[in-house]
Amino acid sequence: MNIRFMGAVKGVTGSCHLIEFKDKKLLLDCGLFQGRDEELNYQEMDFDPASIDYLLLSHSHIDHSGRIPLLVKKGFKGTVYCSKATYELCEIMLLDSAHIQEMEVEWQNRKARRAGKPLVEPLYTQEDANKSLEYFKPVLYDQIIRIDDNITVRFNDAGHVLGSSIIEMWFKDGSEIIKVVYSGDIGTKEKPILNDPAIIDYADYVIMEATYGNRVHEDVEKRDETLINIILKTVLRGGTVIIPSFAVGRTQEIIYELNKYYDAHLSDFGTSTNLLKNVPVYVDSPLAVKATEVFKRNAGVFDEEARDLLKKGDNPLKFDNLHFTQSVEESKALNFSDEPKIIISSSGMCEAGRIRHHLKHNLWKKNSSIVFVGYQAEGTLGQRIRDGAKKVKLFGEEIHVNAEIYNVEGFSGHADKNGLLNWLKGFKEKPCRLFIVHGEGQAKEDFAKEVEQQLGIECIIPEYNEVYEIKGRGQVECVQVSKERLAAYSKLSPEHVQQMMEELNEMREMFQHTLGQVQEHVSSESISIENYTLINNILLNMKNDIMNLSMLSGK
Ligand SMILES: [Zn+2]
């Protein structure tokens with residue numbers, strides 16, 4: 001069996017892994033690359049889409065599903081297995097994604113025409129998206145699916161977004177069975193509406209996400225309180241609260257939490273909560289409106305708390321001052337009124353959609369607040385604003401950031417470091433290898449260290465287009481190394497190590513010289529001598545490391 005990693009290896013977008021077993025090819029997810037990796041969507045795929053027999057889809061988020069219409073456009077004729085809710089969400093999300101692609105291309109082409117440049121084509125159209133849905137075959141959680149005589153598959157609740165799945169796969173080779181588990185995206189425990197991620201008891205190999213592999217969500221218990229306090233503060237000073245949110249999942253969770261808060265404070269009169277009840281909440285995303293309908297149709301996979309509310313006759317996704325805006329006119333009107341309000345809009349990372357208009361109208365206002373409630377991938381507008389950009393460009397205009405910026409991590413859809421480790425601890429027998437994907441470089445490395453130390457499971461962090469051959473339990477070999485890794489290895493030539501040594505020596509001499517001068521001429525209060533000493537020590541340590549490397553590289 002071979003596993004080839006072709007997405008979500010440099011970051012978190014474009015999830016796509018290929019398993020080749022006997023005469024079958026199975027794809028795990030086929031997501032859209034976003035942010036800094038966007039151009040990868042336009043490259044030829046690293047495999048022939050027509051040769052893929054099955055696509056096992058972990059969940060509907062576009063970074064996991066967004067290239068399915070492209071896959072079909074390029075010749076895929078197999079079956080897409082996913083949970084029922086994932087299918088229903090894909091019905092609206094893939095169409096929405098196609099619509100965004102078409103709109104962007106239209107805008108680019110208008111400019112291209114004026115500049116006499118060649119026109120471009122959308123990655124896929126709404127027609128392509130519609131056609132791709134014909135290949136979907138929804139299944140139930142826990143259902144045993146016999147793909148063929150040798151491959152069996154089962155979807156389990158991942159608690160990340162409605163319908164999200166952890167996928168178990170059994171591959172039978174003669175008398176031996178190798179079991180591979182794909183985590184998809186793993187949710188947090190106690191997440192609103194959804195069940196906790198399913199515990200899997202056995203696997204030989206696990207392909208696992210590590211989005212928050214080195215982070216602990218700090219405000220999980222207090223997330224509602226934190227959000228309510230931000231809203232109150234903003235509303236009291238007459239401002240607008242803008243919540244960039246994934247239309248699917250996070251938006252419904254925020255609605256659910258607000259509803260819960262209002263219910264719990266029903267009898268508070270004359271208090272700030274009472275004031276809050278009169279503040280309109282606008283869900284300004286046609287996609288979120290449709291997604292909320294899908295949620296309502298899939299209450300069967302809700303957690304106990306949400307089901308109890310339904311039984312009592314309380315629709316947890318509805319309250320008095322909640323409004324869904326559909327048309328562009330309604331959306332625009334929101335920015336022409338000064339009333340304090342809450343606007344929940346997408347996309348969650350501010351890369352597209354109506355949120356960009358709301359940011360344009362509110363980022364410069366001191367009394368407004370922008371509240372991030374989800375992951376912001378590197379290179380996205382959301383990440384820049386969250387990390388303190390003083391000005392950003394929107395619709396060709398430079399906008400100053402004067403609004404208050406908040407990041408409420410407790411709403412994250414992804415388990416944090418402890419959640420991921422706890423999920424792994426649920427295995428009754430240790431998996432023999434863990435492939436870590438879906439995370440920024442440092443998060444994956446830190447998580448690998450933690451897993452190796454705490455659980456003694458050997459970790460592999462695959463790079464783009466690397467292929468691992470699995471011969472049996474514990475027998476795995478990298479049979480195609482990435483170009484980047486090869487380039488890094490090649491730097492370890494004896495000549496290169498020698499050159500690094502010389503450069504370091506020069507740097508150290510320079511620092512020692514400067515240190516001497518500093519000690520002689522400048523009072524110790526104005527320049528930190530400790531810093532210079534520290535740097536000198538670091539350089540010495542690096543020299544030692546390079547010496548060790550030169551031993552390894554045969555010097
Ligand atoms: Zn996801």
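These are my notebook entries on a zinc site and a pocket in this structure, which is a predicted model.

**Entry 1: the zinc ion**

I began by asking which residues coordinate the zinc ion. I found His59 (NE2), His61 (ND1), His160 (NE2) and Asp185 (OD), at 2.2 to 2.4 Å. Next I looked up the angles among the 4 donor atoms, and they run from 89 to 176°. The site is therefore classed as irregular, since a tetrahedral site needs all angles between 85 and 135 degrees.

**Entry 2: where the donors sit in the chain**

I wrote down the spacing of the donor residues as H-x1-H-x98-H-x24-D. Then I traced one pair, His61 and Asp185, which are 124 residues apart and link distant parts of the chain. His61 sits in the loop between strand 4 (54-56) and helix 1 (62-65), while Asp185 sits in the loop between strand 10 (176-182) and strand 11 (205-209).

Are these two buried or exposed? His61 has 10% relative accessibility, so I noted this residue as buried. Asp185 has 2%, so Asp185 counts as buried too. The cut-off for buried is under 20%.

**Entry 3: the second largest pocket**

I moved on to the second largest pocket, which holds about 650 Å³ of space. It is lined by 31 residues, and the closest to its centre are Thr188, Lys189, Glu190, Lys191 and Val220. I sorted the lining into 10 nonpolar, 7 polar and 14 charged residues.

Which helix gives the largest share of this lining? Helix 13 does, with 4 residues. Helix 5 (223-236) and helix 6 (250-264) each supply at least two. Lastly, I checked the domains: domain 1 (2-216 + 413-486) and domain 2 (223-411) each provide at least three lining residues.

Notes:
Residues are numbered from 1 along each chain as its sequence is written. This is a predicted model: local features need pLDDT of at least 70, side-chain atom pairs count only at pLDDT 80 or more; totals for chains, interfaces and linings use all residues. Side-chain values use heavy atoms; hydrogens and water are left out. Donors are N, O and S atoms within 2.8 Å of the metal (3.2 Å for Na, K and Ca); water is not among the atoms, so sites may look incomplete. Four donors count as tetrahedral if all angles lie between 85 and 135 degrees; four count as square planar and six as octahedral if opposite donors are over 155 degrees apart and all others between 65 and 115; anything else is irregular. Buried means under 20% relative accessible area, exposed over 50%, partly exposed in between (1.4 Å probe, protein chains only). On a 1 Å grid over the protein atoms alone, a cavity is a set of points where a 1.4 Å probe fits but cannot get out, and a pocket is an open set with protein on both sides within 12 Å along at least five of seven lines; lining residues have an atom within 4 Å of a point. Grid points are joined across faces, edges and corners, and a volume is the space filled by probe spheres set on the points. Ala, Val, Leu, Ile, Met, Phe, Trp, Tyr, Cys and Pro count as nonpolar, Asp, Glu, Lys and Arg as charged, and the others, Gly among them, as polar. Domain bounds come from an automatic or database domain assignment.
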